[in-house]
Amino acid sequence: METKQNENIILEMRHIYKQFPGVLANADICLNVRAGEVHALLGENGAGKSTLMNQLCGLIKPTSGDIVIEGKVVHFNSARDAMAIGIGMVHQHFMLVPTMTVTENCLIGATDAGYLKLNYKQAAKRISELAEKYNLEIDPEAKVGDLAVGQRQRVEIIKALYRGAKILILDEPTSVLTPQETGELFNMIRSLTEKGFTVLFISHKLNEIKEICDRVTVLRLGRTEGTYNVAECTVNDLARLMVGRDVSFSIERKEGTEGEAMVQVRNLTLARDAHTNLLTDISFDVHAGEVFGIAGVDGNGQNELVECLTGAKHATSGTAMYEGKDLGKESTRQIMSSGVSHIPADRHKAGLILGMHLTENLILQDYYTPKFGKGALLDNRAIDTYASELIERFAIKTPSRYEYAGSLSGGNQQKVIVARELSRNPKFLIAMHPTRGLDVGAIEYIHGQIMKQRDDGAAVLLVSTELEEVMKLSDRIGVLFEGKLMGIVNPSETTVEEIGLMMGGTRLEDIRK
Amino acid sequence: MKIDKVKLKSTANRSLTSVGVSVAAVVIALVIGMLLVVAMQKNPMKAFTSMVNGAFGPGYFTETLVKMTPLLLTGISFALCNRCGLTNLGMEGQMYIGALFATLVGAYVTGLPWYIHVPLCLIAGFIGGGLWCLITGLLKVFCGASEIITTVMLNMIAQFLIEYLINGPMIATPGGNPQTKNVLASARLGTLIKGSRLNWGYFIALGCIVLFWLFISRSKKGYEVRVSGMNPTAALYSGINIKKNILLVTFLAGGAAGLAGCIEIMGVQKCIQSAFASGYGFDGIAVSLIGQNSPVGIVFGALLFGAFRAGGNNMMRKAQVPDSIVNVIQALVIIMVIGSQMVLEIMNEQKLRKQARKEA
C-alpha cells in the first residue's frame with residue numbers, strides 16, 4: 001500500500017534530523033505532500049509530530065535535512081519567513097489575543113499592518129471577502145474573547161489565509177471541538193482544498209483521519225513508518241501502524257491474589273466550564289492486589305483523573321470511595337495521610353524539589369509526622385537515618401544524601417520519588433508515567449517495585465501513555481478518550497488493535513459488536 | 001559525629017564556591033569603583049583607605065554596626081519572602097509603618113517601666129510592619145495580585161502617610177520641624193558604648209538572625225515555606241497549603257522590616273522624621289542577594305553595606321570623593337553577584353549536560 005513518489009508535490013521534507021540535548025526527536029523523517037490534498041500526520045505522543053511541524057513553521061531549525069517547497073530548498077530563520085513562503089499554522093492552543101477584535105488579531109505580525117496607523121478598514125474588508133469566499137462565517141469586528149471555541153479556530157484559519165498561507169497546518173484541530181463544530185471544520189477543510197489549498201492534518205484520532213484525509217504519514221518514535229493512501233487502509237490498520245510492534249507480556253506475575261475493591265470510582269465528572277467536561281461519568285474499581293491500567297493518548301483526561309483522586313482538584317459530581325472517604329472531595333493532605341501514595345507524572349515539575357537535598361526530598365510526604373520531629377522543629381538525625389536507609393534500600397546512586405535532587409540522573413531521580421512513595425507502604429498507589437524518559441534498566445527496576453506493591457496487596461492505578469507498559473503490568477486496562485472511559489479490557493483477552501481503536505475514540509461495545 | 005562529616009564534605013564545596021563568588025564580586029566592584037576615582041583625578045589609595053578607616057577604624061566601627069542593624073532586619077525580610085517564592089520590595093514602607101506603631105506606643109503610652117515599655121514597642125513595631133506586608137499577602141492569595149507591584153505601591157502609601165502625620169496630626173510642635181514627639185525615655189534602647197550610637201537594637205537584630213535560621217532550616221513550617229517557594233506544584237501534591245504559608249511569611253517578613261524601623265526610632269533617631277528610613281529597606285534586597293538568602297550570608301551582606309554607608313561619609317570628608325561613588329560601588333557589587341550567579345548556573349548546566357552525554 002506504500003505510495004510512490006508522485007507528481008505535483010508542493011511540500012517535501014527530506015531526511016530531517018532534530019537533536020535536542022539528550023534526545024533525538026526526529027530521525028530521518030521524510031514527508032511529501034501533494035498540492036490540494038489533506039495529508040494526515042499520525043502518531044502517538046512523543047512520536048515527533050510537534051517537533052517536525054515546529055521546524056516546518058520556522059520555530060526551530062532542523063539539525064540536518066532539507067525542507068523543499070515547490071521544488072526549492074528553503075531555510076527559515078523565523079516564523080515570519082515560513083509565513084512569507086505560504087505556510088500557516090493553526091496551533092492546538094490558539095495564539096489569539098482575547099481582548100482584541102478579529103481584524104486586530106489578523107494584523108498581528110502581518111506585513112501590511114501599517115507602520116504608524118493600522119490599515120484597519122482595509123484589513124476588515126479583506127477579511128470579510130476571505131470569509132465569504134471560503135465559507136468561513138465570521139464578523140471581523142467581533143472581540144475574540146466573546147467567540148466560541150469553534151469560531152476562534154476559524155479566526156486562526158482566517159489569520160493564516162490573510163497572511164497568504166497556501167499550506168495550512170492544523171495541529172490536533174478537533175481536540176477542543178464538539179462533534180458539531182468538528183463537522184463544520186471538515187466542511188471548511190473540504191472547501192479550502194477544492195480551491196487549491198493544501199492541509200496538513202495532525203491527529204491521533206483514527207476515524208477523523210479516515211473521514212477527511214487523502215493520505216497519511218505515520219510517525220513512530222521519531223521515525224517515519226511510511227506514507228499510505230487512506231482509502232486503502234482500515235481503521236484497524238492505522239491503529240496497528242500508530243502503536244507499532246507487538247507488545248510483549250514478559251513480566252513475572254503472581255496470579256489470583258485479587259482482593260476486595262479498594263477504590264470505587266462511580267460516575268466521576270469534572271467540568272471544564274458550563275458546557276464541556278474534562279471527565280465524564282468515569283466508573284471503575286481498583287481491587288487490592290491488582291494493577292488497574294489507564295491507557296490513552298496524552299491529554300485525554302489522565303491528568304484530571306489523577307488530580308481528582310489526589311485532592312488537587314475536586315470532582316464536580318460522582319464519587320471515588322476509598323476506605324469510607326470520597327477522594328473527589330478530600331484535601332490532598334487527608335488523602336495522602338490515609339495510605340495513598342502518588343508518583344506524579346512530571347518528576348521535575350511535581351515530584352521533586354530540584355534545589356533541595358535528597359534528604360529533604362525524601363521526607364516530602366511525611367515531614368509533619370512525629371517520626372521526623374516531635375514539636376515544631378525537624379529532627380535532623382531521624383531524617384538522616386531515614387534517608388540513608390532509603391538510599392540503600394532502593395539503590396539510589398548518589399555521592400551522598402546531601403546531593404541536590406537536580407544533579408542526579410533521570411533514573412535516580414525517579415528512584416528517589418519511588419523510594420519516598422513506596423516506603424510509606426501504601427494501600428492505594430497512583431503511578432503516572434512512572435518510567436517516562438528512563439533507560440531500560442531503570443524501567444525494569446521501577447516496574448519490579450510496582451509489581452511488588454501489587455503482590456503485597458496494594459491497589460495500584462497505573463496511568464501511562466506507553467501502551468506496552470500498561471499492557472505488561474496491568475491486570476485490567478481502561479482506555480480514556482476525551483475524558484470518557486471507552487471500555488475496560490483484560491490484557492490477555494484483547495489486541496493492540498482493539499486498544500488502539502479505543503484510544504482513537506471507539507467504544508468497546510461498538511468494536512465487539 | 002559521622003553524620004556531620006558526610007554533610008560537611010558535600011556542602012563545603014558548594015558553600016566555598018558561593019563565598020568565593022561573593023568575595024570576588026566585592027573585590028571587582030571595589031577595583032572598578034577606584035578606577036572611577038582615578039578618572040575623577042582623585043587619589044584612589046587615599047579614597048580607599050579613608051573609606052576602610054571610616055568603616056572599621058577605631059571610633060568608627062560602632063557606626064558601621066549601627067548602620068548594619070536595620071540592614072540585618074530588612075535583609076531577613078527580603079530573604080524570608082524570597083524563600084517562599086515571593087519578591088518583597090516593600091521593606092521601606094514596612095519600616096515606616098513599624099516605626100509609626102512603635103512611636104504611637106513609645107511616645108503616647110505613658111507611665112510604664114522600661115522592661116514593659118520597650119518590649120511593648122518592639123511588638124507594636126513588629127505587628128505594624130507585619131500587617132502592612134500582610135495586605136500584600138492577602139491581595140496575592142485572594143486576588144492574585146503581583147506582590148512586586150503591591151509592595152512598591154504600599155511603599156508610596158506608607159511614605160506619604162508618614163509625611164502627612166508628621167506635618168499634621170502627629171507634629172511635635174505645630175509650626176516647628178516636621179517630626180513627631182520623641183519616644184519616652186522608658187521606650188528607648190540603651191546605648192552599649194558611651195559616645196556612640198550603638199544600642200541594644202544590634203543584638204535584637206542578631207537574635208532575629210538566629211530565629212530566622214531556626215525557622216527556615218530547622219522548623220517544619222520553614223520546610224513547608226521552602227518547598228512552596230522552590231516548587232509550588234510539588235507542595236500542592238504533598239498537601240502543603242501554599243496560601244496559608246504566603247500569609248504567614250508576608251506577616252513575618254513585614255514584621256522583620258517593621259522591627260528595623262522600630263529599632264531605628266527607639267535606638268537611634270528617637271522620633272520619626274521625613275524619609276528617616278533612607279533606603280535601608282531597599283538595601284535589604286542587596287544584602288539578601290549577596291548573602292544568598294542564608295542567615296550567615298545576610299550577616300556579612302549587612303556588615304558590608306553598613307561599612308559602605310559609614311565609610312562613604314568619611315571618604316567624602318577626607319579624600320573629597322563624593323559619597324555617591326559608594327552608591328556606584330554598591331550597585332556594581334549587586335550586578336557582579338547576580339552576574340556571577342548566572343555564570344555559575346550556566347557552568348552547572350554544562351556539567352550536567354556533559355554528565356548526561358557520558359551516561360547516554
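Reader: In E8(A), which residue is the bridge partner of Leu168(A)?
Author: In this predicted model, strand E7 (residues 167-171) and strand E8 (residues 198-203) of chain A pair over five bridges, running in the parallel sense. In E8(A), the residue that partners Leu168(A) in a bridge is Val199(A).

Reader: Which strands stand at the edges of the open sheet of six strands to which E7(A) and E8(A) belong?
Author: The order of this sheet is E6-E7-E8-E3-E9-E10 (chain A), and the pairing is mixed. An edge strand here pairs on one side only, and this holds for strand E6 (87-90) and strand E10 (223-229) of chain A. Neighbouring strands are turned against each other by 20° on average, with direction ignored. The edge strands are therefore, as their one-sided pairing shows, E6 and E10 of chain A.

Reader: What angle does the direction of helix H1 of chain A make with that of E7(A)?
Author: Helix H1 (residues 49-56) of chain A packs on the sheet, where it touches strand E3 (38-42) together with E6, E7, E8 and E9 of chain A. Relative to the direction of E7(A), that of the helix makes an angle of about 150°.

Reader: Which helix gives the most residues to the largest nonpolar core?
Author: The largest nonpolar core holds 146 residues, and those touching the most other members are Leu168(A), Ile169(A), Leu200(A), Val460(A) and Leu462(A). With six residues, the helix that gives the most to this core is H5 (residues 149-162) of chain A.

Reader: How many residues make up the second, separate core?
Author: Around Leu168(A), leaving aside residues up to four places away in sequence, the contacts include Ile157(A), Phe197(A) and Leu200(A). The second core is separate and includes Val66(B), Met170(B), Ile204(B) and Val321(B). The number of residues in this second core is 96.

Reader: Is Arg215(A) buried or exposed?
Author: Arg215(A) lies in strand E9 (residues 215-220) of chain A. A residue counts as buried when 20 or more other C-beta atoms lie within 10 Å of its own. Because Arg215(A) has 21 other C-beta atoms within 10 Å, it is buried.

Reader: Why is one side of strand E16 and of strand E20 of chain A left without a neighbour in the sheet?
Author: The open sheet concerned has six strands in the order E16-E17-E18-E13-E19-E20 (chain A), with mixed pairing. Strand E16 (340-343) and strand E20 (484-489) of chain A stand at the edges, so one side of each is left without a neighbour, each having a single partner strand.

Reader: At what angle to E19(A) does helix H17 of chain A run?
Author: Strand E19 (residues 476-481) of chain A pairs with E20(A) in the antiparallel sense over five bridges, and Phe481(A) stands opposite Lys484(A) in E20(A). Helix H17 (residues 496-503) of chain A lies across strand E13 (290-295), E19 and E20 of chain A. Its angle to E19(A) is about 35°.

Reader: How many of the 11 residues of helix H11 of chain B are buried?
Author: Helix H11 (residues 280-290) of chain B is largely enclosed by the rest of the structure, because so many of its residues are buried. Among them are Tyr280(B), Asp283(B) and Leu289(B). Of the 11 residues, the number buried is 10.

Reader: Where in chain B is confidence lowest?
Author: Chain B averages a pLDDT of 89, and 94% of the residues score at least 70. Confidence is highest in helix H5 (residues 114-143) of chain B, at 96, whereas the lowest mean, 77, belongs to helix H1 (residues 2-39) of chain B.

Technical notes
Residues numbered from 1 in each chain as written. Chains lettered and ligands numbered in written order. Predicted model: local features only at pLDDT ≥ 70, side-chain atom pairs only at ≥ 80, totals over all residues. Pairing = 2+ DSSP bridges. Helix = DSSP H or I, 4+ residues; strand = E, 2+ residues; numbered from the N terminus. Contact = placed C-beta atoms within 7 Å. Axes fitted to C-alpha atoms, helices over the stretch in contact; angles between N-to-C directions. pLDDT = per-residue confidence, 0-100. Core = buried A, V, L, I, M, F, W, Y, C linked by C-beta atoms within 7 Å. Buried ≥ 20, exposed ≤ 12 C-beta atoms within 10 Å, placed from the backbone.
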